[in-house]
Each structure stands twice: as C-alpha cells, then as structure tokens.
Amino acid sequence: MTSPRTAAAVDGPGPVPTRRTESEAVYLALGAGVLGALYGLVVALVVPSLSLAGDDPFALWAAGGSAVVAAVVSAAGYWRTRNQPGQEWRRTLPSWKFTVNTISVVIVHTVLAFLATYALYRVLALGFIGLPVIVFWAVVLMTVTLGLTAYVVYLSVSRMTTQRMSSLLMAFIVIGTLTAMVTTPDPQWWMVHFSQLGTFDNLSSWVFNGTLIAGGLLVTTFAVYIANDMSALAEAGVLTHRRGAKVVPALFVVMGVMLACVGIFPVDVNLVLHNLSASGMAAMFLVLLISGPILLRGMPRTYFVSSWAFLGATLLSVILFVPAVGYFSLTAFEIIVFALIFGWIAVFIRFLGVAGQRD
C-alpha cells in the first residue's frame, strides 16, 4: 500500500492551498494592515520631513516594518502549518532540526521582505522625485505594505515544498549578492576577486557575508526536504540505489556548511579557512555530479544529460582559468562556478519533482 508521502512525491506537486490557510492569510493581512496604519502614523509624526527617498527615507522605514512582519508571520506560519496536508512529515523531525529549519525559513523571508520593499520604494522615488510623504499617505502606504507582506509570507511558508525552497534559495543568494555589489565602497572590487565584496568594514560586506552564511543555513534546511522527497521516491521504487536517499542529502548538508563558512571566514580574516571552505563547496558539487548515475539511479535520462553538461561547463571554466590559458580572471571564474552550482541545484530539484511521473 502506497503511503501518503510516497503518493505526494510521485504524483503531486506538493501541499495544496486550503480554505483555512487562505482565510488565515487574509486575517493576518488585515491585522498587519491595522498595525501598519498605526506604525505609519507614528513614523509620520516622528519624522515630519519624510520623503520616499533622501535624508529621511520612507523606503527604509517601510522596509524595516515589512521585515519585522515577515519575521513574525514566517515563524508562526511555518510552525502552525506543519499539520497541513503534505507537511505532516515535518512533525517527525527532531526538535533541533525543526528549529534550524524554522530559523532559516524566517531569515530568508525577513531579508527578502526587507530588500523587496526597500527596492520598490526606491524605484517609486525615481518616479516621484522630491515628493514628501504626508501623514495620510504614510498611513495608507504602511497599511498596504505590511498587510501585503503578511499575506504573501504566510502563503509562502504554508506551502513550503522542495521546489519553493529552491526558488527562495536562488532569490536570496542573487538578491543578497547584487545588493552587496551595488552598495560596495570599491567600484573596482571585480578587479581583485569575488570574495573582495566581503572584505570591507561596512554594510555591503555584512550583506555579502551574511548572505553566504544564511544561504548555507538554508541549504542545510533544503537538504531535509530533499531527503524527504528522495525517501518517498525510493519507497515507490523510482530511485533504486539503496543509500542514495541518505548520501545525497548529506552531501548537500556539507555543501551548506561550506557555503556558510565562506561567509564566516572572509578572505581578509582567514585566507586558509576561506579557501578551504570554497574548495569544499566546489568539491561537493563535483561529487554530486560525478556520483549522480549511481546515487540517483532512476532519475530521468535528461537529468543526467544536463548534469554532464554542467560538469563539462565546470571543467571548461577551469581550463579557461588556469594561468597557461588565462582567459578568465579570478572574479569571472568564481562567479561562473558559483552560478553553475546554483543553476545545477535548480535543475536537480525540477527533475526530482517529476522523477516519479509518467510521460
């Protein structure tokens, strides 16, 4: 007899929205909207010269409020929805593992909410240059911003799947890295190496290193979802290697730890540990690619074709980087390999989601 977890992994896309979930999201949005109105009123009264951007940017106040709402809603929502259809397996996790998962989910939603809100209002400021934000509009904008944040974040955490976790990981890494690039005090950082972004004692470096640390934590959470999906596919007989469902998630955990250590040990703090961490992450990537035909036996043939393409692109990048050729700079090489790793993760998750489906 097929278990619910196996059926979900083989036949379905994951948790589906329920009427209760939708209702709770709306009520949370209304509550956050009320708090947003009060918050907007207080901000407008405390900061009389409020504008969308400038010396007293409304963008920053709105982003801060959005981040707080996202943190509270994601923590409460991720804990509450562990009993929802398709999420029951999370109740079987050890307490420490569930706690780590919750922390990583909260961090990624909080940061994405802050950056998305800040970027949105900065773009609006370019269209309304010099426009002051009066009390009325401060209240209205905060109401909408915080209410919408609560609604979107709650629905996101309540329908968490491996593919959604993968999308959050990609968005988090890309947005965090781009933010560090555009805020760095050294416009010629790229002439040194990619890790140069984490060597400045300012906000951009905190963003860069923090993105790597939180991204590594998110990869370890991601591994828990991969383990669940692969175990279900193994139960269904789709994946035929006995230990693959344990080894592959373990390799992802090591990759996540290595990614976090790249941020924990910036290149100007400890060069040896920084390089070991970066090399360890790349090594896990290569192991996953090369061992795929064995550990992931049963995956669609097209997955292995794409996997070999990623391996070929990686080896070609190495050849173009070596001093004898010297076509790629160190920065270009690091960015390309970084992109290949996370691009492969996205492809792997897409194929893992359809591995048990019939053509």
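**Burial and packing in a predicted model**

Visitor: What relative accessible area does F128 have?
Guide: This is a predicted model, in which local features need pLDDT of at least 70 and side-chain atom pairs pLDDT 80 or more, while totals for chains, interfaces and linings use all residues. Residues are numbered from 1 along each chain as its sequence is written, and side-chain values use heavy atoms, without hydrogens and water. Buried means under 20% relative accessible area, exposed over 50% and partly exposed in between (1.4 Å probe, protein chains only). F128 counts as partly exposed because its relative accessible area is 45%.

Visitor: Which loop holds F128?
Guide: Helices are DSSP runs of H or I with at least four residues, and strands runs of E with at least two, numbered from the N terminus. On that basis, F128 lies in the loop between helix 4 and helix 5 (135-158).

Visitor: Is T221, in helix 7, buried or exposed?
Guide: T221 is in contact (heavy atoms within 4.5 Å) with V100, N101, S104 and M165, leaving aside neighbours within four places in sequence. Because its relative accessibility is 0%, T221 counts as buried.

Visitor: Which helix gives the largest share of the largest nonpolar core?
Guide: Such a core is a set of buried Ala, Val, Leu, Ile, Met, Phe, Trp, Tyr and Cys residues joined through side-chain atoms within 4.5 Å. Of its 67 residues, F252, M299, F342, W344, I345 and F348 touch the most other members. The elements giving two or more residues include helix 4 (95-127) and helix 11 (330-354). The largest share, 13 residues, comes from helix 7.
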